[in-house]
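Q: Could you take me through one part of this protein in close detail, namely how its helices pack against one another? I would like the contacts laid out residue by residue, with the overall fold as a backdrop.

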Amino acid sequence: MFWAWARVVGGVGLLAVLVWQVGSGPFLAGVRLIDAPALGAALAIGVLTTVCAAWRWSLVAGGLGVRLPLATAVAHCYRAVFLNATLPGGMLGDVHRAVRHGRDAGDVSRGIRAVVWERTAGQVVLVGVALVVLAAFPSPVRQYLPLAAAVLVGGGLVAVLVARVVPNAGPSRWARALRTAVADVRAGLLARRTWLGVLVASAVMVAGHLATFLVAARTAGSDAPLSRLLPLTLLALLAMGLPLNVAGFGPREGVAAWVFGAAGLSAAEGVATATVYGALVLVASLPGAAVLLARRSRTPAPAREAASAGGC
């Protein structure tokens with residue numbers, strides 16, 4: 001509970017600092033500039049990225065032995081995206097789908113691990129794309145890339161070493177947990193029938209999120225060339241991984257303000273772009289609200305009350 005409130009307070013604090021620095025104008029302007037073509041593009045891209053997310057989840061879950069049909073995964077992913085976009089923290093939708101799938105499959109632990117590993121795979125691909133793009137195009141962080149790459153490579157080598165040594169270290173709780181993690185990665189991510197699909201799905205999702213950000217930048221009025229916008233929007237996208245937000249808003253807008261200003265544009269332009277992006281993502285997630293309403297209408301009232309009493 002403490003960390004949940006801390007994340008909300010952190011997100012509100014970031015937004016308060018931004019409003020103090022740039023005013024409310026960029027936030028309001030971003031919302032006013034949204035038009036029908038931008039909304040249509042966001043919805044279309046949202047379908048692609050959500051289906052890819054569901055495919056990746058289905059592959060990983062199958063590798064871990066908890067079957068998940070693609071159609072079911074798509075519905076759960078849409079609901080999760082909607083909850084992530086409307087609730088504090090940006091993660092509650094993923095928690096809900098993990099627990100729900102685990103209960104449906106009769107193994108909550110594997111259900112949760114499937115979501116953790118498929119999300120981890122997505123973040124790894126995102127970081128890999130970020131290193132390539134930020135190395136290829138000028139950005140405010142270009143000078144720090146060698147250090148970041150060295151840290152990531154070093155961390156990867158340490159992880160491989162630990163994965164080789166600790167599982168043989170005895171029956172301790174940490175050794176058992178690491179053995180389970182190594183087995184999950186091998187079966188759910190690196191197995192012959194899963195790794196390519198996970199990689200392709202993750203890459204398409206990154207491309208879709210970047211495309212939505214670029215649509216947001218153009219909608220917000222930015223006329224900077226794509227070679228200049230791409231690394232800036234990618235940095236803002238990386239910031240979304242921080243769980244300090246309120247309905248998705250917080251670090252994304254803060255990082256966008258910083259990188260746009262540091263790149264010679266303006267902090268207000270960065271905030272407006274990130275605000276438009278947040279609104280477009282919310283609109284693209286609206287099918288998830290329909291999934292929630294449809295499920296509620298099919299569930300008898302006593303069952304709903306029992307589910308509410310039991311938590312998720």
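A: Happy to. This predicted model contains 14 helices and zero strands, so its pattern along the sequence reads α-α-α-α-α-α-α-α-α-α-α-α-α-α. Of the protein's 312 residues, 39% count as buried. Among contacts in the protein with a separation of 6 or more, 69% are between residues 24 or more positions apart.

The record gives a useful frame here. In an unreviewed entry, UniProt lists residues 34–57, 64–82, 120–137, 144–166, 195–217, 229–250 and 270–294 under "transmembrane region". Two of these spans can be set beside the model. Residues 34–57 are 92% helix and 0% strand, and the C-alpha atoms at the ends of this span lie 32 Å apart. Residues 195–217 are 100% helix and 0% strand, with 33 Å between the end C-alpha atoms.

Let's begin the close look with helix α3, residues 36–63, and its packing against helix α4, residues 70–86. The axes of these two helices are 8 Å apart, and the angle between them is about 120 degrees. That angle makes α3 oblique to α4, and the crossing of the pair is right-handed. On the α3 side, the contact is made by G46, V47, T50, V51, A53, A54, W55, W57 and S58. On the α4 side, the residues are L70, A73, V74, H76, C77 and Y78. By class, this contact of α3 with α4 has eleven nonpolar residues, four polar and no charged.

Helix α3 also meets helix α12, residues 267–284. Here the axes come within 8 Å and cross at roughly 60 degrees, and α3 and α12 are therefore oblique to each other. The crossing of α3 and α12 is right-handed. From α3, the residues involved are A38, L39, A42, L43 and G46; their partners in α12 are L280, V283 and A284. The contact of α3 with α12 divides into seven nonpolar, one polar and no charged residues. One residue to look at in both places is G46, which is listed in the contact with α4 and in the one with α12.

Now turn to helix α5, residues 92–105, and helix α6, residues 108–136. Their axes are 7 Å apart and the packing angle is about 140 degrees, so α5 and α6 are oblique to each other. This pair, too, has a right-handed crossing. In α5, the contact residues are D94, R97, A98, V99, H101, G102 and R103, and these meet V108, G111, I112, V115, E118 and R119 in α6. The class make-up of the contact of α5 with α6 is five nonpolar, three polar and five charged residues.

A good place to zoom in is V115, found in helix α6. V115 has a relative accessible area of 5%, under the 20% cut-off, and is therefore buried. Leaving aside neighbours within four places in sequence, V115 is in contact with W57, D94, R97 and A98. Of these partners, D94, R97 and A98 appear in the α5 side of the contact with α6, while W57 belongs to the α3 residues that meet α4. The C-alpha atoms of V115 and V99 are separated by 9.3 Å, with the two residues 16 apart along the chain.

Notes:
Residues are numbered from 1 along each chain as its sequence is written. This is a predicted model: local features need pLDDT of at least 70, side-chain atom pairs count only at pLDDT 80 or more; totals for chains, interfaces and linings use all residues. Side-chain values use heavy atoms; hydrogens and water are left out. UniProt positions are given in the numbering used here, feature names are shortened, and annotations may be inferred rather than shown by experiment. Helices (H or I, at least four residues) and strands (E, at least two) are DSSP runs, numbered from the N terminus. Axes are lines fitted to C-alpha atoms, for helices over the stretch in contact, and angles run from 0 to 180 degrees between N-to-C directions. Angles under 35 degrees count as roughly parallel, over 145 as roughly antiparallel, 65 to 115 as roughly perpendicular and the rest as oblique. A crossing is left-handed if the near helix is turned anticlockwise from the far one by less than a right angle, and right-handed if clockwise. Contact means heavy atoms within 4.5 Å. Ala, Val, Leu, Ile, Met, Phe, Trp, Tyr, Cys and Pro count as nonpolar, Asp, Glu, Lys and Arg as charged, and the others, Gly among them, as polar. Buried means under 20% relative accessible area, exposed over 50%, partly exposed in between (1.4 Å probe, protein chains only).
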